[in-house]
Every structure is written in structure tokens, then in C-alpha cells.
2 protein chains.
Amino acid sequence: MERNDDSAVQADAGDRAIPTEAGPLSPDALWKIDAFWRACNYLSAGMLYLRANPLLREPLKPEHFKRRLLGHWGSDPGQSFVLTHLSRAIRAQDLNVLFVSGPGHGAPATLAHAYLEGCYTEVYPDRTLDEAGMLRFFRQFSFPGGIGSHCTPETPGSIHEGGELGYSLSHAFGAAFDNPDLIVAAMVGDGEAETGPLATSWHSNKFLNPVTDGAVLPILHLNGYKIANPTILARIPHEELAALFVGYGYEPHFVEGHEPAAMHQRMARTIDACVARIRAIQHHARSSNDLARPRWPMIVLRTPKGWTGPAEVDGHRVEGSWRSHQVPIADPATNAAHLRLVEAWLRSYAPDELFDAHGTLIPALRALAPVGARRIGANPHANGGLLRRPLEMPDFADYAVEVPAPGAHYASSTQALGVFLRDVMKRNMTQFRVFSPDEASSNKLTAIYDASPKTWLGERVPQDDDGGALAPDGRVMEMLSEHTLEGWFEGYTLTGRHGLFATYEAFVHVIDSMFNQHAKWLEKSKHDLGWRAPIPSLNMLITSLVWRQDHNGFTHQDPGFLDVVANKTPDVVRIYLPPDANCLLSVADHCLRSRDYVNVIVADKQPHLQYLDMASAATHCAKGIGIWDWASTDQGQTPDLVVACAGDVPTMEALAAAEILTQHFADLRLRFVNVVDLFRLMPETGHPHGLSDRDFDSLFTQDKPVIFNFHSYPTLIHKFIYNRANHRNFHVHGYREQGSINTPLELAIINRIDRFSLAIDAIDRTPCLRETGAHVKEWLKDQIVRSVAYAHAEGADPDAITQWTWGRTAQ
Amino acid sequence: MERNDDSAVQADAGDRAIPTEAGPLSPDALWKIDAFWRACNYLSAGMLYLRANPLLREPLKPEHFKRRLLGHWGSDPGQSFVLTHLSRAIRAQDLNVLFVSGPGHGAPATLAHAYLEGCYTEVYPDRTLDEAGMLRFFRQFSFPGGIGSHCTPETPGSIHEGGELGYSLSHAFGAAFDNPDLIVAAMVGDGEAETGPLATSWHSNKFLNPVTDGAVLPILHLNGYKIANPTILARIPHEELAALFVGYGYEPHFVEGHEPAAMHQRMARTIDACVARIRAIQHHARSSNDLARPRWPMIVLRTPKGWTGPAEVDGHRVEGSWRSHQVPIADPATNAAHLRLVEAWLRSYAPDELFDAHGTLIPALRALAPVGARRIGANPHANGGLLRRPLEMPDFADYAVEVPAPGAHYASSTQALGVFLRDVMKRNMTQFRVFSPDEASSNKLTAIYDASPKTWLGERVPQDDDGGALAPDGRVMEMLSEHTLEGWFEGYTLTGRHGLFATYEAFVHVIDSMFNQHAKWLEKSKHDLGWRAPIPSLNMLITSLVWRQDHNGFTHQDPGFLDVVANKTPDVVRIYLPPDANCLLSVADHCLRSRDYVNVIVADKQPHLQYLDMASAATHCAKGIGIWDWASTDQGQTPDLVVACAGDVPTMEALAAAEILTQHFADLRLRFVNVVDLFRLMPETGHPHGLSDRDFDSLFTQDKPVIFNFHSYPTLIHKFIYNRANHRNFHVHGYREQGSINTPLELAIINRIDRFSLAIDAIDRTPCLRETGAHVKEWLKDQIVRSVAYAHAEGADPDAITQWTWGRTAQ
């Protein structure tokens, strides 16, 4: 371990008798920084408690307290301490610092600091910098109709709510990518440090380019306790803790203790040392173009939970205990002794010394805050839409797969997409990245490697580059952690940049809850916060789909992410199932240009039949749903039967079924409908893309049987069309949670999305076929038996699935 | 870092010139262990390639190859190496070893080893230990109708499929808890080591009691590459790697190289050293009852990916490259030169030396395997149902909450459950644990601390115990990682023991994909594998529900886990929404006694109205759904309106709505239905608990309006009842993804599950109310406005929600 000066003070931790300690702060500077910090702490505590008398101009009375006390105090003083010291360094060195609050439950600290900086009032003008504004600022907090105690989107300067724990560091690295001047100070809670996503995100330093990326300064806050338990990292020996961060590749700096004056000197010295180290690393790398992985500094800050709060209440230790996690004293309005404790605590910050007669921070302290966009609460990267530049887009039509006839040739849709993405990347080499868990190659997006190597700052050996080069200045992000990739990507888009996350379908569930949080962030930002500029959409390519798991089997079969997505607010989610390469290109183009959505694109990587030339694909995708006339026999008349589909394999099987049916039943009026934009199925009242009932009925009729072949679980279609006139006649086929390492056709058969099962169902459901179709059904059943038997005997793909093309079905 | 002898050989890594090295193996033992390993490797490669000529009795020909080559070779030789050495140690020291294969994609290694031990044939008698059996063994692998290339449930000796990566260590620790004689050897892939869940699960050593738990021996396999990229941990300097594991609290032992003879000596020496260290730790702890956290040993095994496979193919390096990940040579049937390469590779293992004329492993090698249950493939802990002992259960009725009248009193349902769980724990102190992410106390399960402290082997200070003691011999497992808890719990039940996982509703999504994998494991085990004995159910208590997030707001509002659960095979999933404490007790009793399910119980922690005395609750829960006569006015007649509900807050609101309606409309025949067992709503063909149409219609009628108030997203009910006769008249209210830090009533109002909105909807939908109800609707709308205004003005819970009781609604 590299030791720095500060680690020497570790021995002082817990020693309460250090009134002064040598350091960079003059007595005046020390007083000011401590006073600013006290102002933060006063405001943090005030917002927990007060609905009146915000400056304690009169003795506290029961009626001054909020009726219900909610909020989190525990990590506030530590976070304010960091914010105050960061501000000092920003001002002194004109730094560009974005702050990420990992323990987001300590929002009071961030809110208080933003208020004192003046940022809060700029965004919310009635929260003025005086007594009346302070009161409104207090009252809104954790109050019905107000704001919560996390760093929600309402918080100026925040890109990270921290409502769910574990993503602060990956968000921070995402923000730092391609922002060479930025320092992202990421405060990591010792609670969230126990989560898996956080534990692996320390390794993000193997993906940070010291020349073209900014820096991340992690500050692990050993606050000591979670809700009710100590934290692991606060309770391992110093040697283990230091070794852990050396092992993660950092240079740890320790700031430990509780006595404010000494702690201010340590923190100021340490922040200065870390900034100097960051600048030295960057200067070296940038002047010599040495891209060797640096050992970036990080800080371990150990302070008591609820620092400066009540030491003890009713014989229970509070400061330095989990009892500080939320509101340290719960009943001051009804317990006079507790009221006195709260009053003493609040007055310990000496508000009269900090705020003038109007309730405004005194000029000497106001002068401590940086100015303009340098203020942490006003950093433009935290409102990334402000910095968003549209992508330079090539014309997606130039990447068309040639489709001389529908259903005649096979191609990998994602392979075609890879070529398009390659050129998107080439034109946007500072604001576009592709993220994938070690799977860009497996997912056939290899063409992007022609635009950029994979990012890698670990050790390299020659054979690494065989198949896709690795380089420190790569832009393709591959790490085997969906959590880290998703976190990076979110951080990247939240700060205004663009990208695509490609991942295996079954394991996109790994980031279900991250998706949920991001969708909620978008929803609040978009609907309630006019000051937040729209950010680029989060584009997810879901591939290696359920229907082609001949290799990996049952564990890799789960198309249910769409159910998770469909539960979110319709205004921020989109689901596309392009059936072929040209549709995928069209959809991808649309998604990359869009803002404030999560776009989920479902497209398999294997070679699949191609249907639409580019002009048809663009038209089809613009409509999102449509009749394929070339596969229909209804001649614009009312059909006997609608065969519909969404997804690539389901579309092929539905087409094959349609062909079987029309060949066997010459008079059948069959209509073939393909769905690309899944939300077209919803009512127009339920989703902005929803079809009107009239349009829906014009496609699906009001009373004819509809055989719907769906990529995912069939119930999702049922729930979308629940209120449609014809819903009782919809017979949806989809994944039934049945499978193994089956051949594609066998897997389709087991789940009844195969051509034969569809045709059988169509015969059963369609009056004009039911009477005459018995012998066809027998033939179809025999085909099923023979297909499975062939696969089991020969162990090969039945020709039927890999070689079938439209127009060639034998009777 | 503590160094041991083996770390000294680190300098030799990569040096190809070590023909012999001093070590514990005699020349004869060395030959045998190498030969056994070669046999494993031969079988692993054979199962990738061969459909005929399994022992290479004749020259390889194209027709001997499988038509489609699938499977994973990369980690097989390393895993076989470990298995072989573990077997040696088991035999030498009579160890009880369970093996967990983290890189489960290397199933050929586990399969080959189990076959050579004779375990495979005992489970699958036609896979005999001769040429014919070997051929069947080869042909089944990655072959339609056969088995996949992960350690699926079909694999004897496996509790861990490894299909999704990241859970090997947490599964291993779960298996080790309360199994003091067991050593769980957990092979961790360096790919999965990049995942978040794996990265934090190293900290499981802070929760392992050296006296009453077994040991976990992690073996990090630095195989070097993932699918297409190097791995992070293989590409950091030795000092960082060693520091990382010291930081995680282990004593790392390094075994690095590729030359077999030297590697065998190193591995034998290292395993002996690690076992001795484990035994020394345990002896010390058990003889002195010293529960200080030991520094357990772990092994870092660095070998080339695809070790012993083809070194180079067509100028591309294969051994020691990502090109070994799957099938190293893909086209031997069509490329003669490649055929020769495959043949040379297979013959390099000298199968004629290893197998006799019948194709049976020669006796000298067979004698190397342990016998009976000591064989890794036959360890009974890997078929945990065999060891399962039913819980000693107290009578849940003894824990009844007194309910003299329905809807008259408030109680916390989870608090009552906590007392029951306390006594379940007391009676089952070696086979029952409760898991919770730092939330058992927050979730009001604190009574369990009277049975056992929380497990904690980190440092402790006095105030830790204030509110729930910590101790190394605790049984309540709290760590802020849902992944680790879920992994521990799965490992615990897979080895036959019982428990309950209590977690916040919004963040149970964190383990969506783990749930999926476990459900799939259960499904395969239960349906296809008679030899796997049923294991205890995975019981999940979902609490801190969406409807009571007045504190945490929007990020903590997501009841969608039920949608994920409902997608899984009906035979292995159950969802219960007990409306009150006595129902929760009845449901919990049922779940704890059950086997082979994932039971999801949804119950909030806050005080809620109580409805049913214990006798009524038991009857109601046994039926799973039923009419509450005391809340109905239909007198057994056909009702005008059905008000139905599922979930605690929705039940209260539905009851309040029913009361409002019956008070305002004296003649209204209202039927009140409560649903506990959600799958009762499904068709009987769709789920074993599904009601027949007749029973369903007898509850809900065929044509009357049903106002259904649901805990989660309303579409889940729609999809369950899609085919019911009366489904068009179901009007489902549920969470609409709208909310903030609202009071409970305001949140209900925003999402329209509140009493007033329900009553308005009922009036609109019920013909006999529609005509006369206009003035009541106005009154209801006014109530909504007033309720929200009151909350916003006063910042308190409106009395309406915290104080309302049945029978007291004012008109």
C-alpha cells in the first residue's frame, strides 16, 4: 500500500483530545469552513424538525415541530463535511466537480449545501435566502406534497437519487467518461458498499482512460452503521481495509476522527493531496500519452454516524450509533426533556452566528461557495440535457440488408446493426459508447471494433487482440457485470451523452431494479421538473433470445423483462420487436435520436429470415404495426382469420403457419399482421403509442379469430388488449416456461409457438377450417412428432427451421 | 498478507521448464493423479465431439463427430484438476466435501468426474462404465433431448447450475451454515468474479461461525478469459491480487503454472495446507470456544484457459486464449487437418492407458476415488432433500392476535409473525435461519432476536447490541446485500434446511434473476428427476410495501415482483397476500411446512386493521379466497356488486368503500370477497390452485360488476382472469406507478385504490347505483379533495387512514 501523509493520523482515530492540528487551514479559514459546515448541519436538522421558528429566534415550543418527523440524519454531517471541503477546493483551484451522493438517504446534506450555495433558490425561487424562504425550505422536506429524503431528481446538482443503494460509483464513472476536465466526487456509503453492484464497481478504474476521461474520487464514508447494524467495512481491521482498496487498485487516504478542528485540517490536506495526485496522473498521462493504468487516489472517511448530533438520549447512545439513522429524537413535541435536547442540539450550531437578522447566511460564509456553474448544486453535468448534443447520424438506409424477396434469405440482424453502430461511433467519438457484458462479439456486434477497440487498462498479452482489440482508449465497454455496465450507461446519459447497452435477454433481469429506478428518475424529471433538460434515451438491445438457447438451455430462457418494463409509466418506456435486420436498423435509428425514454429493442443475434427491404421496413416501423399484404390472402376483405406476430422467431413461425394454412385451404382469407412497436397494442388512453379502438379493430377485426405468436410470455399481450372488442378471440402463443437445450424447432414446439401448433390452433378456432381441417391437423401433428424424433436421433438442427423460406412449404 | 509455502512458487508461473518439483506426491501417486485427471479431460473433450468411436479404437473419421458441436471446454481442465485433487484429499483424510462449480459452463468436468467416480451410473444406470455406456454418456451431452453444458439439476453432486454467474460463493456459504463437518469447495470463475453478487459475497466470511458452521474453501480460478475478453482479476499485478484477498479477510494461497507434474505437486501441497489450516482453525475455535473471526484460507489457481487443449489452430492461439471458451476446433468433420488436430489432442490423454478393453477405468485409477457418500458426485448435501428434517413447529394458533370484532383494532402483522418465527427458531436451532438485508428490525420482526442474536464476526462495540444483539453464533442473517442473502438462503435450502427471507418489496427486484434461476432449478428437479428428494421451500416475506412509502417515496414503490413470479412454472410458485396478522400466521405456517416451492408472502410491516380471529383466518387461508359475510349485504343472494380485494391496504380501502356504499345505498346487495392465495384466480388448468370456472363464478358471478382492489399492478389480475366468464366486468384498481412521499391515503387516491375512488367506480359500474348515486359521487369527490388538502396543509396522516375502523364511517 502506498501510504500518504494522512494515513499517519490514523492512530488518532477516536482520540477526542486534539484541539488543533497542523494543516493547510489558517485559523480564520478553519473558523469559516467549520461555520459553513455548521450552517449545513443546522439546516439539515432544521428540515427534519421545524415547521416554524426556523432560526430559533424564540425558544422552541411543541407547535414549532412538524407533526410527523421523517427523514435521515445519520449520514448528513459527514456528507456536508465532504461537500464543504469540496467547495473549498473548487474555489481554491477552479475545479469542475460533480458530486454523487451514494448514501442518498442523506439528502438533507445535499439540499442544505445547495441552498447555502444559492443554487436552490435559483431553481425554486420561493425558497429564498431569508427566514421566510428557509421556513418554506424546511417545511417542504419529507412533507406531503414536498420532497423526500433522498437526492431525488428535484435536487439541484444530483444525478443519483440513492433511493436504491449500490450504484453511486458506477454512475460516477459513467459521468466521468469523455469528460476529461471533470472530477466526480463519489461519496460511497458503507451500507451500500455491502451491495454486490457497489462491490464490483470499484473495478471501474480498469476502464478509465486518464487522457480522455475525467477522474473519479471515491470517498468511502465509514459512517459505522446501516439502519440497525454496523457495517462490514467499518468493522474490519485497518490493515484489511487498506489492503482491500490497494487490491481494488486505489491509493487509499484515510481521514478518521470526530474532533471538528482536527478533522477539518485532515480533510483539507487530504483533498488537496488527492486533487494534486489526480492532476499529476492526468498531466503525466496527457503529456506523455502514457495510458498505463494509474493508481487513482480514494479517501476513507471515518466519522461517527449522526456526527455532532445528540450524544445520548434516555441512556441510549445516539451519535455514533444506528440510532442516528433517521430522526434521532422522535418525540420533542410531546416530551419536554426531549424538546430541550433538540433545542440544545440545534443551538449548538449557533445559528445566530451564521445567519443575519434576515435569516441570510453572513457574507463571510457566502463568500466560501464557488460561483456560477462551479457550485456543486449548479454543475451543468448534473442536468445533462443542457450539455446534450445530438448524435451525428449516418443514414441508416445505407446499411440496408438486401431483401430481393420477403422470407427468402437469412441474415443476422444484430450483425447488420453492428455495422451501423460502427459508423455512429466513428462520427461521435467523444459522446457515444456501446456497453455489453463480454458479449458484443457473441452478440455479433463485432463491426463496432472497427471503430474502436474495447476499453481495457488491465495488463495485456498479444493474443488478447485476436478477435477484437483491447486498448486503454477504447470505447466499447465490456465487463462481466450487468450492474456496472448499466450504471456506467446511466451515468453517461444522465450527463448528456449517448449509447447502447446490449445484453443477453435472460440476464437483463439482473438489472430489473436499476431499470425501475432509472425509469422513475426519467418520469419525475420529465413530468414535474421543467428545469431538467431532456437527456438521451437509455437504449437497450436485448439479444441472445429465449428461442435460440439450443446451447445454454433452460437457465437462459426468460423473456420476462418486457413485463417489468410494461409496468412503468407509459411516457418513459418503449418496446420494439423488429422482425428483421432492416426493421432493427430503422428502430435503432429512431431510438438513438430520441430523448427521455428507456427504449427496449428485442432482436436475436442468430441468422434469421429477412422480410422487408429498407423502404418497406422504414414504413412498417414508422407505423409500428401493420398488415403484410404479401403474406395475406384476404385481398383487403374481411378475413376469416388473422395471424399476428411480434418478434423474429415468432414471425418466422407465424409466416410458415400462414403458408401451411393458405396452401391447404385455398379459399382461406388470411390476414397477416406484424407488430414492431409493442405498445401499439395498448389502448390509446393507456400509452402514447396506443392504437385507437377503430384502428385496432381495422387490423384485428371485432370478431374474427386472431392467432397471435409472441416472443415473450403470452399474458403480456392479453393484458395489453384486455379492453379491445375482439379480445376474446385472441389466442396468444408465447413462452410457457418450458425448455432445455432443445433445437429451435423443438423448443418452439414445446411452447407451441411453432408453425404446426399455430396452424392446428388456427384450424380449431376458425369456423370455416374446423369442419374440413381434420386431416390437415393429423398431418400437422405428425410433423411435430417427426421433427422432434429427427432432432433427438440425429442431434442436428432439423432442416425445417434453418432452411425454410417463404413460398416453399410442401403440402 | 500471510504468505505460505506455495506463494513462493508464484515466480515460476509461466515457466514451462519444471519437469519435477518436490512435493507430497510420490512418483506413483503423481502418475495416478495425473492419469485420473487425463481421464477427466479425455471424457470432457469426448463429450464435446464424439457420437461414435468413444475410445478411439479406430482412427477418427468425420462420421464419428456430432453433427453440431456445442459445449464449453475452457474451464474444464482446471475444474477437473481441482476435482481430482479434492478427491485425493477426501480419500486421504476422510473429508466430507461438497463441490460448487462457479464456472458452471464447464459442466463436462463435473460430469466426467462423477462418471469416473461411479456416481453417474448409479443415478443413470444406462450410462455404464464401459464403452457402450461411455458412448451414451458422450451422446447425451449438449444434444437434443440430453443435458446441457452447465451443472444443471441433472448433474449428480451439484447444487449450483452456474447458468447465471455470480452465486457460487453465496451458495457455498449457505451450504456450510450449520454443517460443522462439511467443507464446501467453491470454485469461483474469474468471469463470474466480475459480477457484483460474487464481488460482495467474499465478505460472507464475516458471517461464518467456526464452531457450528462448516468451512468454505474458495478456489478462484484465474482461467484468464471470459467469452471474448481477458478477466480483470487475471490482469492485475500479483500484489494487488494478494492484497484484495487479504482485504476480503482471507489467507490466499497461490497455485500458478501449467506444467502438469509441477502443478500437481503444488496443488496437492496447497490443498493439504488449506485443509490443515481449516482443521486448525476449527480445532482452536471448538476446543476453546473462541469465536473470533478466523482468516480462512483460499486458493488462487492460475492455469491456462483450455489447458492441455490444442495450443494453436490456423495460426490462432487456442490454449491460453478466449478461443478455448467453447469448442476449440469447430469443424473437424469437414476439415481434414482439423480432424487430425482433434485426434492428436484426444490421443494426447492416452485413453488406452486409462481405460481397459471394455472401456472401464483401470483399477489403479478407480481406486483413487473416494467411496460411497464421500464421493463428490454422491455427497448427500448435494441432494439436500435426503437430509431434510421437518421443522419442529409450534402451533401457530397460539400466536393469534386477538380480534374481538373485525376491523376494530390495529396491529402490525409482521410483528405478530416475528413472535411465531422466534419460537420456530428456538425449536430448530440447527436448521432454521432468517435472512434480511439489515431490515429485520425495520420490518418489525424484532422478536426473533429473543431466540438468537444477529450473526456477526466483525469487530463489535457496546452500543451495537442496543436494539438487537450481535454475536458470532447468531442465526439471524443481516447483510446489506439481497444477492448474498438470497444466495445463502438458496444454498441453505438446497442442502435441506429451512428459512425465511424478509425483504423490502421494491428491492426484491434486485434478485429477480436469482429467483428465476432457483424456480427453474426446482421445476427441473421436481418434474424430471425422481432421484432428487424434495427440498424445503424458499419462503420470501415481501414487506415495507408500496402503499406505505410516506417516508421513502417513489423509488420504494414497486410491487412488480409478483409479475416476475407469475411467469414461472405454476407448479413451483405460490403467492399469498394475507390481509391481517392471523392470516399471515396461518400462511407462514403452511409455507414453512411445504417443499419444493418458492412461496412469496406479501404483508406490510406497519400497523394495519385486523379482521379475522384465528379460527376464521385458518379457514379463510385454507380456502385461499372467500366471501366475508360480515362485510357483505347480499345475504346469500345474487349480489348487485362484488367488491373484492387482495393485500392489506387494499383490503382496508375496499372495506371502507363497501361501508360507504352500504350506508349510502341501504338496499344494495354487496358481496365482499377477499383473496389470500392469488393463484386461486387462475383457471384450474393454469395453476394447481386455480379455481374451477364454476367455483369462480359462484364467487364473482357471471355478469355483475366486480370492483377489485389489488395490491400490485392491476394488469396481473386481468391476465389471471382473462378467460373467466365475467372478466369484462372486472374493474381492477392497483398501483399505477404514481407516487411520491405521499400520506397513505393520498397515495391510495393518486392510484385510485382509495375508498372514495372505489366507491365512485362502483357507483359508475353498478346499474342500480348509477341512477341515484350522483350526489354520493359528489360527496366522495369532495372527500378526496379535502383529504389531500388536509395532508398538504398539516403534514400529518389524515385521521381517516390511521384511525378508521369498520362500522364507523360517517355519512
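In this predicted model, A:V434 of strand β9(A) stands opposite A:V476 in β12(A). The two strands run parallel and are joined by 3 bridges, with β12 of chain A covering residues 476–478. A second partner of β9(A) is strand β13 of chain A, residues 498–504, and here the pairing is again in the parallel sense, over 4 bridges. Within that pairing, A:F435 stands opposite A:F501 in β13(A).

The surroundings of β9(A) complete this picture. Strand β9 of chain A spans residues 432–436, and 5 of its 5 residues are buried, so the strand is largely enclosed by the rest of the structure. Its side chains can be sorted by direction: A:F432, A:V434 and A:S436 point one way, whereas A:R433 and A:F435 point the other way, and all are buried. An arginine is thus listed alongside a phenylalanine on one of the two buried faces.

Another sheet of chain A is worth a look. This sheet is open and has 5 strands, ordered β18-β20-β19-β21-β22, with mixed pairing. Its edges are formed by β18 (625–627) and β22 (730–733), each of which pairs on one side only. Averaged over the sheet and with direction ignored, neighbouring strands are turned by 20° against each other. At the β18 edge, β18(A) pairs with strand β20 of chain A (residues 670–675) in the antiparallel sense, over 3 bridges. The bridge partner of A:I625 in β20(A) is A:V675.

Turning to a helix of chain A, α23(A), which covers residues 755–765, is mostly covered, with 8 of its 11 residues buried. The buried residues are A:R755, A:F756, A:S757, A:L758, A:A759, A:I760, A:A762 and A:I763.

At the level of domains, the assignment for chain A gives domain 1 (5–383), domain 2 (405–608) and domain 3 (624–803). The C-alpha centres of domain 1 and domain 2 of chain A lie 34 Å apart. Between these two domains, 33 residues of domain 1 are in contact with 32 residues of domain 2. On the domain 1 side, the elements that give two or more residues are α6 (168–176) and α7 (196–201) of chain A. Of these, α6(A) gives the most, with 6 residues. Sorted by class, this side of domain 1 has 13 nonpolar, 14 polar and 6 charged residues.

The two chains also meet each other. In the contact between them, 99 residues of chain B are in contact with 99 residues of chain A. On the chain B side, at least two residues each are supplied by α7 (196–201), α8 (238–247), β7 (316–317), α15 (512–528), α16 (561–566), α21 (715–720) and α25 (774–794) of chain B. By class, the residues on this side of chain B divide into 26 nonpolar, 43 polar and 30 charged.

Several helices of chain B can be described in detail. Helix α6(B), residues 168–176, is mostly covered, with 9 of its 9 residues buried. The buried set consists of B:S168, B:L169, B:S170, B:H171, B:A172, B:F173, B:G174, B:A175 and B:A176. The elements that cover these residues include β1 (96–101), β2 (182–189), α7, β3 (215–222) and α14 (482–494) of chain B. Just after α6(B), B:D178 takes a positive phi of about 60°.

A helix pair in chain B adds a crossing. Helix α1 (residues 27–49) and helix α9 (residues 260–288) of chain B pack at an angle of about 105°, with their axes 10 Å apart. This angle makes α1(B) roughly perpendicular to α9(B). From α1(B), the contact is made by B:L30, B:I33 and B:D34, and from α9(B) by B:P260, B:A261 and B:H264. The residues of this contact divide into 4 nonpolar, 1 polar and 1 charged.

Finally, B:A344 is found in helix α10 of chain B, which covers residues 336–347. With 11 C-beta neighbours inside 10 Å, B:A344 counts as exposed. The C-alpha atom of B:A344 is separated by 8.8 Å from that of B:P310, and the two residues are 34 residues apart along the chain.

Conventions: Residues are numbered from 1 along each chain as its sequence is written. Chains are lettered from A and ligands numbered from 1 in the order in which they are written. This is a predicted model: local features need pLDDT of at least 70, side-chain atom pairs count only at pLDDT 80 or more; totals for chains, interfaces and linings use all residues. Domain bounds come from an automatic or database domain assignment. Two residues are in contact if their C-beta atoms, placed from the backbone, lie within 7 Å. Ala, Val, Leu, Ile, Met, Phe, Trp, Tyr, Cys and Pro count as nonpolar, Asp, Glu, Lys and Arg as charged, and the others, Gly among them, as polar. Axes are lines fitted to C-alpha atoms, for helices over the stretch in contact, and angles run from 0 to 180 degrees between N-to-C directions. Angles under 35 degrees count as roughly parallel, over 145 as roughly antiparallel, 65 to 115 as roughly perpendicular and the rest as oblique. A residue is buried if 20 or more other C-beta atoms lie within 10 Å of its own, exposed if 12 or fewer, and partly exposed in between; C-beta atoms are placed from the backbone. Two strands pair if DSSP finds at least two bridges between them.
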